[in-house]
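Here is a brief report on one protein chain. Keep the sequence and the model in view while reading.

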Amino acid sequence: MNNKFVIDGTWPIIEPEHYDGDVYILGDVNDNGGWFTNVGVKMTRDAENNVYTATITTTGEAYFNPETNTGYSYFSFTKQLAEGAEDWDAIAPYRFGAVSEGDFWVTDETLGVDINLANNGSTFQIPAGEWNLTLSVDNMTLVINKVEFVRGDVDNSGEVRIGDVTALINYLLSGDASQINTQAADCDKSGDVKIGDVTALINYLLSGSWPE
């Protein structure tokens, strides 16, 4: 055996070197509909370095603990999506995730380091926030880093200004978070984005200080 197949020879564990197909992120990330096999966040391939990258947003709402005011999201990967939302058998040979017994908890200690992946591996359990993912299918490793942000820089312009108020109001009216940084938009640090954040942002622009 060359470590590319299990004993029955039907499920590929590692694709041939320099895999250049698609990779999708499954799970409750980027408001993509949750754990369905026909919905995934497509990663971007860096052909020069032969890695896949993506920035994901995790709300933690599906697994929110009101006692601790914290939430978690889950994700793993697949090289192929299915036609049916519950057709897990169809993607089983192509799904992979963390090497662990049970869910892999993402902590500060695991940020910025290689995490080993395996065919049909475990899911990642990750706090609410925005995260940069760098995946090597050839080496079956993943690096997770937290996206740095500036409080109040809702439109990701690099500074806090009146345009951020406009972006925040547009989000509250439309519900479309694709054009904003949801972490930066939580101006009053309440844990979610709502009208109070507009008030906090305007007060900051007028006074230069944030609420405690």
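Is Met-140 buried or exposed? Met-140 is buried, because its relative accessible area is 6% and buried means under 20%. The model discussed here is a predicted one.

## Overall make-up

The chain holds 4 helices and 12 strands. It has 212 residues, and 40% of them count as buried. The accessible surface comes to about 11500 Å². Carbon and sulfur atoms account for 49% of that surface.

Contacts reach far along the sequence. Take those between residues at least 6 apart: 58% of them join residues at least 24 apart.

## Strand β4 and its partners

Strand β4 covers residues 51-58 and pairs with β3, residues 44-46. The pairing is antiparallel and runs over 3 bridges. One of the contacts in this pairing sets Arg-45 against Tyr-52 of β4 as bridge partners. The hairpin of β3 and β4 has 4 residues between the strands. Asn-50 in this hairpin takes a positive phi near 55 degrees.

β4 is also joined to β11, residues 129-136. These two strands run antiparallel, with 7 bridges between them. Thr-57 has Glu-130 of β11 as its bridge partner. In a regular strand, side chains alternate between the two faces of the sheet.

## Positive phi in two loops

Most residues other than glycine have a negative phi. Two loop residues depart from that pattern. Asn-120 has a positive phi near 55 degrees. Asn-120 is in the loop between β9 (115-119) and β10 (124-127). Its relative accessible area is 33%, so Asn-120 is partly exposed.

Met-140 has a positive phi near 50 degrees. Met-140 lies in the loop between β11 and β12 (141-146). As stated above, Met-140 is buried, with a relative accessible area of 6%.

## Salt bridges

How many salt bridges does a search of the whole structure find? The search finds 2. Side chains of opposite charge can pair when their charged atoms come close.

Asp-22 pairs with Lys-42, and their closest N and O atoms are 3.5 Å apart. This salt bridge links distant parts of the chain, 20 residues apart. Asp-22 sits in the segment before β1 (24-27), and Lys-42 in strand β2 (residues 41-42). Asp-22 is partly exposed, at a relative accessible area of 33%.

Glu-159 and Arg-161 form a salt bridge through their side chains, with N to O at 3.4 Å. Glu-159 is partly exposed at 43% relative accessible area. Arg-161 is partly exposed too, at 39%.

## The largest pocket

How much space lies in the largest pocket? The figure is about 910 Å³. Its lining is made by 29 residues. Thr-58, Thr-59, Ala-128, Thr-182 and Gly-191 lie nearest the centre. β4, β6 (70-78), β11 and α3 (182-185) each supply at least two lining residues. The paired strands β4 and β11 are thus both represented in this lining.

Thr-182 belongs to helix α3. Why does Thr-182 count as buried? Thr-182 has 19% relative accessibility, and the cut-off for buried is under 20%. Leaving aside residues up to four places away in sequence, Thr-182 touches Thr-57, Glu-130, Ala-177 and Val-193. Among these contacts, Thr-57 and Glu-130 are the bridge partners described for β4 and β11.

Terms used: Residues are numbered from 1 along each chain as its sequence is written. This is a predicted model: local features need pLDDT of at least 70, side-chain atom pairs count only at pLDDT 80 or more; totals for chains, interfaces and linings use all residues. Side-chain values use heavy atoms; hydrogens and water are left out. Two strands pair if DSSP finds at least two bridges between them. A salt bridge is a side-chain nitrogen of Lys or Arg within 4 Å of a carboxyl oxygen of Asp or Glu. Buried means under 20% relative accessible area, exposed over 50%, partly exposed in between (1.4 Å probe, protein chains only). Contact means heavy atoms within 4.5 Å. Accessible areas come from the Shrake-Rupley method with a 1.4 Å probe; for residues, only the protein chains shown count as cover. On a 1 Å grid over the protein atoms alone, a cavity is a set of points where a 1.4 Å probe fits but cannot get out, and a pocket is an open set with protein on both sides within 12 Å along at least five of seven lines; lining residues have an atom within 4 Å of a point. Grid points are joined across faces, edges and corners, and a volume is the space filled by probe spheres set on the points.
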